[in-house]
Amino acid sequence: MSRLLTSSKPGCIGLAAGVLAVLVVGAQVTAREPANAMQNNGTPDGGALSVVTDAHDYPYEFYAEDGKTVIGLEADLWQEIARRLHRHIQVSSVDFSGLIPGVQSGRYKLGMECLTDSPVREQQITFIDYARSPVPQAYALKTAGFVPHEPMDLCGRKVAMQVGLDYGDDLDALTLRCKAKGKLPVSIMAYPSLSSVLMALYSGRVDFIIGDNVSFSVIQEHAHGGVYAVDIGAVPKKVGVIVNRNDPDTERAVFHAFRSMKSDGTYDRLFRKWNAVQLEEQGNITINGATAATSMGGQEKAAGTQHGNARFE
């Protein structure tokens with residue numbers, strides 16, 4: 001998720017220690033092929049498995065020191081998916097707003113960028129939900145000239161949000177609360193990239209941004225004078241891999257890859273590696289979990305999916 005700091009894009013907004021490299025490193029295309037990559041073994045298409053991301057979201061996916069290789073929690077997960085499907089990975093990094101259209105068009109098989117599931121997004125794309133998003137909060141610089149103690153202190157203020165992220169519901173709820181108290185609504189300023197959002201905050205063009213509570217200490221490292229964090233009453237959302245709605249083979253393959261990872265301990269190991277255990281999905285892997293009435297788990301009786309209340313059982 002829902003990505004400013006370490007988010008939920010909704011996008012998961014992530015700010016790396018070195019994430020300010022986001023300000024200078026443009027989107028690049030990185031192809032990575034494990035040494036043991038094999039040819040197709042009954043999985044869709046065979047050969048390369050194309051993944052699209054926006055590689056500026058620590059610790060999920062970000063550029064290594066070489067400025068080309070994409071690493072992170074989700075990078076490890078997509079490599080593990082490919083290994084289990086006997087494929088090799090081809091990764092493309094694009095602006096966040098291009099992720100869903102890229103998968104919808106069939107240009108990419110998978111999209112991974114801490115994408116939060118929602119009923120609106122499920123109308124466009126299928127989610128294989130495997131994690132929980134961090135809880136988004138409002139962050140304001142202590143040098144900004146105002147002291148937000150609680151959500152109502154944000155009313156009438158300007159907030160920067162990256163185009164394509166789904167913090168809209170959280171901000172709409174905040175605006176309704178502001179109006180109910182007779183206060184001015186929050187003014188949303190849209191920016192095309194994470195770097196432009198951060199620059200808007202640090203330059204004072206906006207009063208605050210929305211991120212998650214995991215990233216607070218990281219933001220402090222890059223903010224002169226410190227940062228205020230305000231709980232806006234948001235709740236965690238499901239985070240998933242996206243696939244084309246008309247590609248049930250890939251949907252099935254990715255679902256089973258995640259189930260296999262949870263069964264053999266790989267899932268837990270990778271989340272521990274990136275200090276993200278608080279984001280682990282404690283329940284079952286689900287498809288379109290934002291609207292699904294039941295989750296997928298237990299023994300499979302047959303293979304198949306139903307969108308909306310999607311499940312293999």
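The following exercises, with worked solutions, concern aromatic pairs, one helix and some backbone angles in a predicted model.

Residues are numbered from 1 along each chain as its sequence is written. Because the model is predicted, local features need pLDDT of at least 70 and side-chain atom pairs count only at pLDDT 80 or more, while totals for chains, interfaces and linings use all residues; side-chain values use heavy atoms, with hydrogens and water left out.

**Exercise 1. Aromatic rings**

Determine how many aromatic pairs the model holds, and classify the pair Tyr 130 and Phe 258.

Solution.
1. Rings of Phe, Tyr and Trp (its six-membered ring) pair if their centres lie within 6.5 Å; planes under 30 degrees apart count as stacked, over 60 as edge-to-face and the rest as tilted.
2. Under this rule there are four aromatic pairs.
3. For Tyr 130 and Phe 258, the ring centres are 4.8 Å apart and the planes lie at 10°, so the pair is stacked.
4. Helices (H or I, at least four residues) and strands (E, at least two) are DSSP runs, numbered from the N terminus. Tyr 130 belongs to strand β9 (residues 126–132) and Phe 258 to helix α7 (residues 248–264), so the pair ties together parts that are 128 residues apart in sequence.
5. Both Tyr 130 and Phe 258 are buried, where buried means under 20% relative accessible area, exposed over 50% and partly exposed in between (1.4 Å probe, protein chains only).
6. In addition, one aromatic cluster is formed by Tyr 58, Phe 62 and Trp 274.

**Exercise 2. Helix α7**

Check the length of α7 against its expected span, and state which elements cover its buried residues.

Solution.
1. The expected span of a helix is 1.5 Å times one less than its number of residues.
2. The 17 residues of α7 should therefore span 24 Å, and its end C-alpha atoms are 24 Å apart, which agrees.
3. The buried residues of α7 include Thr 250, Val 254, Phe 258 and Met 261.
4. An α-helix has 3.6 residues a turn, so residues three or four places apart point the same way.
5. Contact means heavy atoms within 4.5 Å. The cover over the buried residues of α7 includes α1 (73–84), β8 (110–116), β9, β15 (238–243), α8 (266–273) and β16 (286–287).
6. After α7 comes Gly 265, which has a positive phi near 90°.

**Exercise 3. The packing of α1 and α7**

Describe how α1 is oriented relative to α7.

Solution.
1. Axes are lines fitted to C-alpha atoms, for helices over the stretch in contact, and angles run from 0 to 180 degrees between N-to-C directions.
2. The axes of α1 and α7 come within 10 Å and cross at roughly 105°.
3. Angles under 35 degrees count as roughly parallel, over 145 as roughly antiparallel, 65 to 115 as roughly perpendicular and the rest as oblique. The helices α1 and α7 are therefore roughly perpendicular to each other.
4. On the α1 side, Leu 77, Glu 80, Ile 81 and Arg 84 take part, meeting residues of α7 that include Val 254, Ala 257 and Phe 258.

**Exercise 4. Backbone angles**

Identify which peptide bond is cis, and state whether His 86 and Asn 288 are buried or partly exposed.

Solution.
1. Most residues other than glycine have a negative phi, and most peptide bonds are trans.
2. The bond from Tyr 58 to Pro 59 is cis, with omega near 0°; Pro 59 lies in the loop between β4 (56–57) and β5 (61–63).
3. His 86, not a glycine, has a positive phi of about 60°. His 86 counts as partly exposed, at 23% relative accessibility.
4. Asn 288, not a glycine, has a positive phi of about 50°. Asn 288 is buried, with a relative accessible area of 1%.
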